[in-house]
Amino acid sequence: MYQVKYLRLMGKWRIASALIFSAMATSLHAQTPAKQIAPSYPLITHDSYFSIWSSTDQLNQSTTVHWTGAPQSLVGIIQVDQQFYRFLGKSPVTYNEVLPTTQSVAYEARYSFERPGGDWTGVDYNDQKWAKGQAPFGDDGHKAKTSWKTDNIWMRRSFEADPAKLDKGPVLLNISHDDNVEVYLNGKEIFHKKGWTDSYIKPKKSIDLKGLLKAGKNVLAIHCANTAGGAFLDAGLVQPVRPKALQQVQLATQTNAAVKATQTTYQFKAGAVALDVQFVSPLLLDKMDVLSRPVSYIEYQVKSLDGKQHQVKLFLGVSSDVAVNQPFEQVVAFRKNEGGLSYLQTGTTAQPILKKKGDNVRINWGYFYVGAKSSDRLKQYISTTAQEGVAAFLQNKINTAATMQGKGLGLNTVEDLGMVKDNAATYMELAYDERYAVQFFHENLRPWWNKDGKQTIQGEMLRAAKEHDQVLASCNQLDKSINEKGIKTGGEKYAHLLNLAYRQSIAAHAIVQSPKGELLFLSKENFSNGSINTVDITYPSSPLYLLYNPDLLKGMMNGIFYYSESGRWEKPFPAHDLGTYPLANGQTYGEDMPVEEAGNMVILSAAIASVEGNADYAKKHWNTLTTWTDYLATQGMDPANQLCTDDFAGHLARNANLSIKAIEAVGAYGKLAGMLGKKDIAEKYSATAKQMAAKWQQMADAGDHYTLTFGGPKSSWSQKYNLVWDKMLGINAFPSTVAAKELAFYKNKQLAFGLPLDSRKTYTKSDWIMWTASMATSRSDFDTFIDPIYKFATQTPDRVPLSDWHETTNGHQVGFQARSVVGGYYMRILEQQLTK
């Protein structure tokens, strides 16, 4: 489930590289810094590919990004009379290539696998005895042109330059390296780093690279060490291009922001008008047609502030980078008008459908759309860059090209609202047609909304327009319901956390239909290793779906049941995953989690039965559940040295919390048997669970708490979050005093940003804290555990989509972001629903 999996698979830490942006146009008036209410703000959220966020509290202070941090620029400008105000985003930085990388130009370089003597970094060094090879260098034949499989490589790239002909501004290194690297320009070290980067970075250094360039021959010299896992090297030089168009645009003053379950709203003052903007992703869990439709709305409302009429126009510019994995990929864009829908469409020219798998990747197949109702007041156009799109709007010089090809194109929409005094409202649609969403045991599957292959994205956008008012009303109703329920259950802070979690959890899944006709709701392990349909992602995510649509939880389990029942997986416990997203062709994680995954699947089957009031789903899979439960009954009491869901903490033998999971699963199976009229079986397994629980209390007892492991130090401890099911599912294997003793002990272990996961480290998992807190019998005790999580969400310095793994001492993200497990934040509501 977690990052150690990637370490084990790849043999190294994969630390996400920071994206560095140069300064944009200076505002003509200052704004008061907005209060942080989210680590990052969800704008467009449908699945792990179609997902756009704002990483600053003020919407117009940063370039919008994909959840991975890659720029996917949205720029919004409102024209009021003759003045222009930017309210959304910043144009992404673009670069002129001084020395191209292989992203755009093939090149050769000299290289050596043996440590060279002499000043190998200097311009005059004789490298004629070095080999010559095509870049990039690496050990992956699909990416590298020259094979590099030794521990070290030394590379020299000679090139001609004329500094006098370069633009003003700095020259930056542009490099992708794996692993440790030291870089020299004409003999002077300009960059070094331990570790690796999984994308091309442009580090800013105090050294003036332009000053190091010489007229004539220059040399970029690099030593790269492959310490573990993969090997890769490619490098060049670039100059950032400063966007000129926005220098005449003022910043709209943001006056408010709010994150609700299905929408993020902002309020602005732009000269003499007020502007409200809503980003609505209608992820309505009880309406599959709307939930699966990959169409979001951007809503606008404008009103005069001085009682006078004002001429108002709205501009939205979107980069074609929404449809690429890397910005150097070629795209094609179209402008069309069909059935009363005006739209812009873009996608890569290559269209490598389902050819790219992994974690820190974005979709580069299918097509992205920006649409609106056709009218005389609406104009759409394509520009060669996003910046040129803005300039065309400011100068009212809009081109009429119906198609365009290139990279980093701009998709631009202008709507003239005319003279505005009272409320004027409009909206635009953003949509994505993946064509094929995932591969399931080597069969490509279309997204749910087009599972029969007869629908079109244009038709979905038209339906979204037709149903606009109804959908918005449903979103507003759901947002109100979740907020009110959260406040009633756990207060305003808890309600806020529920709002932050809702869209993030849902949007980390793909919705498809299996070849057997079953619903598949397949998660992606975002920034933990990229697995698809991981069982120990399903488990912590489950409370949200048990509350709002248990069929979706079944959709998270159907593929795992199929894997075992088809004979493809023959072990007496479930697989850990179905592959690496988006290829669900069988487990790719390198190690099993026997007790973990078996316990998860059995417990969740019982949870579904408790919510639905029948055990029909478990009955369909009874033989499989029996096999898994019998494994737990014999192997789960005192687990062997194996991984559990918290595998980033490493292997752990005799794990007391993992043992609780096995005990609860055995009891849950007994509960299911009783619901199916299997009285003897029910009595047998319920009695077994109670016997195991009695033994557990003796083995883990440490006086005022229970230990991390059986036989471990009495001072050790861990959150026993798996115990939450005991009362909820009516298993009652443990006396209530066990949970009460643990919770009382945890109160003295709290740190500034939460309760640590266990006694080994000070980091924590916020989803598990939510489960632990849900065992509290009083509101004050619940608040004790929730308040630090709220503090983390609203004060963490790491501005990425909500992380579930953070440091309790300082609020820093340890790893993971944008993951579905935050659906576990809804556990308290589920607990109260099942125990009332």
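**Exercise 1. Find how many of the 20 residues of helix H12 are buried, and describe the helix and its ends.**

Step 1. Take burial. Of the 20 residues of H12, 17 are buried, so the rest of the structure largely encloses this helix. Buried means under 20% relative accessible area, exposed over 50%, partly exposed in between (1.4 Å probe, protein chains only). Helices (H or I, at least four residues) and strands (E, at least two) are DSSP runs, numbered from the N terminus.

Step 2. Note the source. This is a predicted model: local features need pLDDT of at least 70, side-chain atom pairs count only at pLDDT 80 or more, and totals for chains, interfaces and linings use all residues. Residues are numbered from 1 along each chain as its sequence is written, and side-chain values use heavy atoms, with hydrogens and water left out.

Step 3. Check the length. H12 covers residues 656-675 and reaches 29 Å from its first C-alpha to its last, close to the 28 Å expected at 1.5 Å a residue. The expected span is 1.5 Å times one less than the number of residues.

Step 4. Look at the ends. Asparagine 655 caps the N-terminal end, with a side-chain oxygen 3.0 Å from the backbone nitrogen of asparagine 657. Just after H12, glycine 677 has a positive phi of about 80°.

**Exercise 2. Test whether the end-to-end distance of helix H9 agrees or disagrees with the expected span.**

Step 1. H9 runs over residues 594-612. Its 19 residues should span 27 Å at 1.5 Å a residue.

Step 2. The end C-alpha atoms are 27 Å apart, so the two values agree.

Step 3. Add the surroundings. H9 is mostly covered, with 16 of its 19 residues buried. Glycine 613, just after H9, takes a positive phi of about 80°.

**Exercise 3. Place threonine 796 and list what it is in contact with.**

Step 1. Threonine 796 sits in the loop between helix H17 (779-795) and strand E36 (805-807). Its relative accessible area is 2%, so it counts as buried.

Step 2. Leave aside neighbours within four places in sequence. The contacts (heavy atoms within 4.5 Å) are then Gln36, Pro39, Lys791, Gly811, His812 and Gln813.

Step 3. Go to the side chain. It reaches the backbone nitrogen of aspartate 798 at 3.3 Å.

Step 4. Compare sequence with space. Phenylalanine 753 is 43 residues from threonine 796 along the chain, yet their C-alpha atoms are separated by 9.2 Å.

**Exercise 4. Which residues have the most contacts inside the largest nonpolar core?**

Step 1. Define the set. A nonpolar core joins buried Ala, Val, Leu, Ile, Met, Phe, Trp, Tyr and Cys residues through side-chain atoms within 4.5 Å.

Step 2. The largest one has 202 residues, and Ile78, Trp696 and Trp725 have the most contacts inside it. Helix H6 (residues 468-506) supplies the largest share, twelve residues.

Step 3. Another core, of 29 residues, lies apart from it; Leu99, Ala109, Tyr111 and Ile190 are among its members.

**Exercise 5. Describe how strands E18 and E19 pair.**

Step 1. E18 (residues 253-259) and E19 (residues 263-270) pair in the antiparallel sense over six bridges. Pairing needs at least two DSSP bridges between the strands.

Step 2. Alanine 257 has tyrosine 266 in E19 as its bridge partner. A hairpin of three residues joins E18 to E19.

Conventions
Polar contact = N/O pair within 3.5 Å; in protein donor to acceptor, adjacent residues only side chain to side chain.
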